[in-house]
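Q: Please take a close look at one part of this model, the protein surface that faces the RNA. Which residues and elements form that surface, and how do they meet the strand?

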Amino acid sequence: MKTTGFVLLWPLIAWVLSAQKFYSEAPLSASTTKNVRVRFAPSPTGYLHVGGARTALYNFLYAKRFGGQFILRVEDTDLERSTEESMRMQIEDLKWLDLGWDEGPNPADYSDMGPYGPYRQSRRKEIYMDYANRLLEAGHAYYDFRTDAELDAIKDALVKAGKPPQIDAPKDMVPLAEARKRVAAGEQAAIRFHVKEKRDYVVQDLVRGDVRFPSDMVGDFVCIRSNGMPVYNFCCAIDDALMKITHVFRAEEHLSNTLRQMMIFEALGLESPRFGHLSFILGSDKQKLSKRHGATSCHDFKVKGYLPEALNNFILLSGWSSPDGREILSREEQISLFTHERFNSAPAVFDETKLLWMNSMYLRALPHDELWKRIEPFLKEAGLSIPQAQDAQWRDHALTAFKTSMQTLADAPKLFEALDDSKFAVKPEAAEVKGWPESQKVWAAWKAELSSHAANKISETEFAAMQDRVKEQAGVKGKHLFMPIRVAVIGQPHGTELKILVPLLDKSSLLKRVEMCL
RNA sequence: GUCCCCAUCGUCUAGCGGCCUAGGACACCACCCUUUCACGGUGGAUACAGGGGUUCAAAUCCCCUUGGGGACGCCA
């Protein structure tokens with residue numbers, strides 16, 4: 001009986017399942033039929049953070065994946081904090097990460113690039129005012145002449161009464177015609193959105209599924225400040241619609257803002273993009289990543305010698321995973337594999353140790369010409385002079401020797417230092433080796449070998465032979481042979497293989513070094 | 001306080017009802033390679049927050065608890 005019921009139910013269950021399937025795939029089919037337009041909209045208040053970089057990367061990848069456009073929009077409506085300098089810094093950071101945009105400020109001269117400009121919100125005031133007027137006329141918004149002090153008093157009273165500090169329309173709302181006269185006469189007033197009906201709004205979030213918000217979660221919120229500058233939720237919604245944005249992938253902190261934005265879209269009859277709210281990247285203490293966690297901006301990582309490719313790949317993986325679990329992915333692979341279905345809705349802790357590993361992987365995979373180009377600024381900064389580096393073959397050899405010891409570009413100076421005569425010194429770590437009675441004998445024999453060597457360069461095979469003769473001459477073998485020689489070459493008992501190191505140095509500098517030991 | 005989101009090894013994650021005595025990666029430990037260091041190779045330890053359901057079957061679905069986070073600005 002029970003099995004019969006189960007069997008009879010099957011078609012129904014299958015139907016329900018397939019219906020759900022269809023529903024959940026709807027966003028994807030939308031993205032394939034409609035030209036995808038996504039944006040990254042930072043506010044220029046400092047360097048680009050890794051969280052912002054990840055948002056930018058995801059949007060970039062999504063645009064590329066579906067052959068759409070990636071737009072950079074500058075949200076600089078907060079006059080207090082936004083700076084031109086910050087905008088330029090963030091543009092530099094995005095360029096460094098190779099996340100180029102199709103529309104937005106031109107990276108060369110910051111002029112507008114694309115058909116839907118301006119792309120800096122501070123230059124779109126008339127547009128916002130136009131839409132604010134439409135809201136006003138439709139009764140979806142009103143001028144609010146109340147002062148900060150009055151508003152604060154209202155909020156205080158609400159908090160005391162145990163209610164959320166939401167501002168609602170004043171009892172004696174000024175009629176629009178009169179309000180306009182007063183504003184024209186120079187009176188200051190903000191424009192507030194009027195939340196009239198109480199009902200639920202549902203965000204069909206691409207990352208979190210359906211999220212339901214009651215409209216009374218927000219009060220009448222400000223669209224235009226009394227100084228004429230629009231507020232985030234208002235311009236964000238207007239711009240997303242006007243710039244024909246189809247998908248918005250942004251941080252989770254904006255999830256509840258979406259309610260206000262939905263209200264604006266609805267009141268203005270504008271088409272809403274689809275939203276996907278990404279989880280945060282956290283510090284090791286599971287708090288939102290901030291300055292006290294150390295490096296958090298892309299610029300910090302650049303300075304610390306990380307490769308942009310590695311940083312990109314690493315942040316890609318904190319919040320998204322590839323279908324087959326592979327982690328090192330080329331830009332092309334990232335694009336071809338990218339879908340919003342593989343976002344992780346749980347927050348991710350930023351783990352610099354793994355980034356370090358990934359960076360070393362990328363470092364080693366780089367062609368030597370390219371690696372050298374990236375290393376050079378770090379050597380220069382450390383004040384190293386390595387004339388041999390003019391020779392491409394020498395560079396190739398040196399990089400082969402050193403790159404497995406490097407995790408970041410910033411590790412290069414202390415490695416290449418070994419090749420700069422002016423920086424040579426017997427390091428404290430060599431104290432024990434210095435004290436060995438064998439060491440003097442080894443050094444003497446090594447010096448003799450060097451002196452009798454005709455050429456200024458020593459090949460790997462020549463060095464092997466020289467080493468064998470030192471072994472015989474000094475009558476020492478094992479670590480008591482190798483370590484003193486290494487100290488006489490690089491000033492310390494541990495490090496790169498001698499047969500690789502010695503050919504990188506001239507006979508004259510090797511002689512100088514062994515003399516310093518003796 | 002109200003509303004919302006989140007919860008698998010230390011960390012990033014796979015998993016979308018049976019292929020799970022839970023897979024991969026980083027880190028860690030051991031061994032191998034190497035007359036040093038690093039690289040590389042092999043192996044190991046380590047996780048479904050707790051409690052209730054639903055189901056023949058639950059890491060996976062539902063509820064509660066706990067914990068973490070976010071929003072409630074004339075910030076973004």
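A: This is a predicted model, and the description below concerns the protein surface near RNA strand B. There are 61 residues around RNA strand B, and those that come nearest are Thr77, Arg208, Arg225, Gln287 and His494. On the RNA side, 73% of the atoms of strand B that come within 4 Å of the protein belong to sugar and phosphate.

By residue class, the surface near RNA strand B holds 22 charged, 20 nonpolar and 19 polar residues.

Several side chains make polar contacts with the RNA. Glu75 places a polar side-chain atom 3.3 Å from a sugar or linking oxygen of RNA strand B. Bases are also reached: a polar side-chain atom of Asn257 lies 3.1 Å from a base nitrogen of RNA strand B, and an N or O atom in the side chain of Arg486 is 2.8 Å from a base nitrogen of that strand.

The elements that give two or more residues to this surface include both helices and strands. The helices are helix 5 (148–160), helix 8 (257–268), helix 12 (352–365) and helix 19 (479–490). The strands are strand 6 (190–193), strand 8 (209–214) and strand 13 (348–349). Asn257, with its contact to a base nitrogen, falls within the range of helix 8 (257–268), and Arg486, which also has a base nitrogen contact, falls within that of helix 19 (479–490). Helix 12 gives the most to the surface near RNA strand B, contributing four residues.

Terms used
Residues numbered from 1 in each chain as written. Chains lettered and ligands numbered in written order. Predicted model: local features only at pLDDT ≥ 70, side-chain atom pairs only at ≥ 80, totals over all residues. Heavy atoms only, no water. Near = heavy atom within 4 Å. Polar contact = N/O pair within 3.5 Å; in protein donor to acceptor, adjacent residues only side chain to side chain. Nonpolar A, V, L, I, M, F, W, Y, C, P; charged D, E, K, R; others polar.
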